[in-house]
Amino acid sequence: MGSVFSPWYGWSGRTDPTNNVCVNVLMSGPGGRWTMTDRGRAALHQAPERIEMGPSSLHWDGTRLAIELDEVATPHLTPIKGRVTITPRGVTGIEAALKPDGSHVWRPLAPASDIRVEIDRPGWTWDGHGYLDSNFGTAPLEQDFAYWHWGRFPVPDGRVIFYESELRDGTETRIALHFDDHGNAREIEAPPLQRMPRSAWALRRETRCDTGHAPRPVQSMISAPFYQRAVVDTVIHGHRTQGVWEAFDGDRFQAWWMKPLLALRVPRRAGWRRD
C-alpha cells in the first residue's frame with residue numbers, strides 16, 4: 001500500500017496510500033516476467049490475517065504466509081497465476097530505524113524461511129530458502145535517502161544482513177546483523193565496504209567483503225536506472241557466499257523523466273469489482 005515505486009502514487013501527491021496498491025512479482029531468468037499493476041482503493045480489502053489487492057492476496061495462518069497470485073505481466077500481457085508459500089523457521093522482533101526520527105523503519109521478520117513456489121507455467125514450481133521482511137515509511141524514499149544498499153548472505157551458522165544508507169542530511173545508517181535459524185539476532189562487525197563495477201545503467205554498486213577479496217555480481221535479477229537487484233558473490237569472515245543484493249539511487253529516482261518511464265512498466269487500473 002502506498003507503493004513506493006509507483007509513479008501514480010507519486011503523481012497523486014502521496015495523500016492516500018490505500019488508493020495505490022500493488023502486488024509486485026519479479027521472475028528472473030529465461031522467460032522471466034514482471035508484474036506490478038497499480039490499483040485503486042476499491043481493490044483493497046484488509047483483515048487481521050489477510051490482505052487482498054485486486055485478484056491477488058496474502059494470508060497468514062499463524063505458521064506460514066500464503067501468497068495467491070493472479071496478475072498480468074507487463075509488457076508481455078501474459079497471466080501469472082499460482083501460489084508462493086513462505087514458512088518462517090523463526091520470526092524476529094527486530095525493528096530497525098533507518099532514520100533517527102523513525103520515519104523509515106525496516107523489520108526483518110523472517111530472515112530464515114523455507115519457500116515453495118507454484119506457478120502455472122512449465123518448470124516454474126520449486127522449493128528453496130526464502131526471506132521475509134517489511135519496510136514502512138512516512139516520507140517519500142527519495143526525500144530522505146540519497147543512496148542505500150542491502151544484502152542477505154548465507155554463512156555456515158546462519159545468514160548475515162547488511163542494510164546501509166546515506167541520508168540527505170549527510171548522516172549514514174550502517175546495520176550489520178547475524179541471524180540464526182530460529183530468528184535470534186546479534187550485531188556483528190562488518191567487513192570493509194568495497195565497490196563493485198557499475199551496472200549497465202552506470203548505477204553505483206558496493207557491498208561488504210573481506211580484505212584481500214573482491215565482491216562481484218554474478219547474476220542480474222532486475223536492472224533499472226535507479227535500482228538493481230542481483231546475486232552477488234562475496235567473502236564474509238572467511239566464508240565465500242552468494243546472496244541477494246539490492247541498491248537504490250535517490251537522485252536518479254527523483255529525476256523528472258523517471259516517473260513517465262516507470263509508468264510503462266507499472267500500469268494503472270483504478271477500477272475494480274469484487275465478486
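The structure, a predicted model, holds 24 salt bridges, a salt bridge being a side-chain nitrogen of Lys or Arg within 4 Å of a carboxyl oxygen of Asp or Glu. Because the model is predicted, local features need pLDDT of at least 70 and side-chain atom pairs count only at pLDDT 80 or more, whereas totals for chains, interfaces and linings use all residues. Residues are numbered from 1 along each chain as its sequence is written, and side-chain values use heavy atoms, with hydrogens and water left out.

One of the salt bridges joins Arg 195 to Glu 206, with an N to O distance of 2.8 Å. This pair links distant parts of the chain, since Arg 195 belongs to strand S16 (residues 193–196) and Glu 206 to strand S17 (residues 205–208), 11 residues apart. Strands (E, at least two residues) and helices (H or I, at least four residues) are DSSP runs, numbered from the N terminus. Arg 195 is exposed, at 55% relative accessibility, while Glu 206 is buried, at 2%. Here buried means under 20% relative accessible area, exposed means over 50%, and partly exposed lies in between (1.4 Å probe, protein chains only).

A similar topic arises with Asp 233 and Arg 240, which form a salt bridge whose closest N and O atoms are 2.4 Å apart. Asp 233 is buried, with a relative accessible area of 4%, and Arg 240 is exposed, at 53%. In the salt bridge between Glu 118 and Arg 116 (3.6 Å, N to O), Glu 118 is partly exposed, at 32%, and Arg 116 is partly exposed, at 31%. In addition, a network of salt bridges links Arg 89, Asp 114, Arg 159 and Asp 181.

Strands S16 and S17 run antiparallel and are joined by four bridges; two strands pair if DSSP finds at least two bridges between them. Met 196 has Arg 205 as its bridge partner in S17. The side chains along S16 alternate: Gln 194 and Met 196 point to one face and are buried, while Leu 193 and Arg 195 point to the other face and are not.

The loop between S16 and S17 contains Leu 203, which is buried, with a relative accessible area of 0%. Apart from neighbours within four places in sequence, Leu 203 is in contact with several residues, including Arg 198, Pro 225, Phe 226 and Tyr 227, contact meaning heavy atoms within 4.5 Å. Ala 224 lies 21 residues from Leu 203 along the chain, and the C-alpha atoms of the two residues are separated by 8.5 Å.

An open sheet is formed by seven strands, in the order S15-S14-S13-S12-S20-S19-S18, with antiparallel pairing. Its edge strands, S15 (185–187) and S18 (216–223), each pair on one side only. Within this sheet, 10 bridges join the antiparallel strands S12 (residues 145–155) and S13 (residues 158–167), and Ile 161 in S13 is the bridge partner of Arg 152.

On the surface, Trp 256, Trp 257, Leu 261 and Leu 264 make a nonpolar patch of about 510 Å². Patches are made of residues with over 30% relative accessible area and no salt bridge, like charges being joined within 9 Å and nonpolar side chains (Val, Leu, Ile, Met, Phe, Trp, Tyr) within 5 Å. Accessible areas come from the Shrake-Rupley method with a 1.4 Å probe, and for residues only the protein chains shown count as cover. Leu 264 is located in the loop between helix H4 (258–263) and strand S21 (268–269), and Leu 264 is exposed, with a relative accessible area of 62%.
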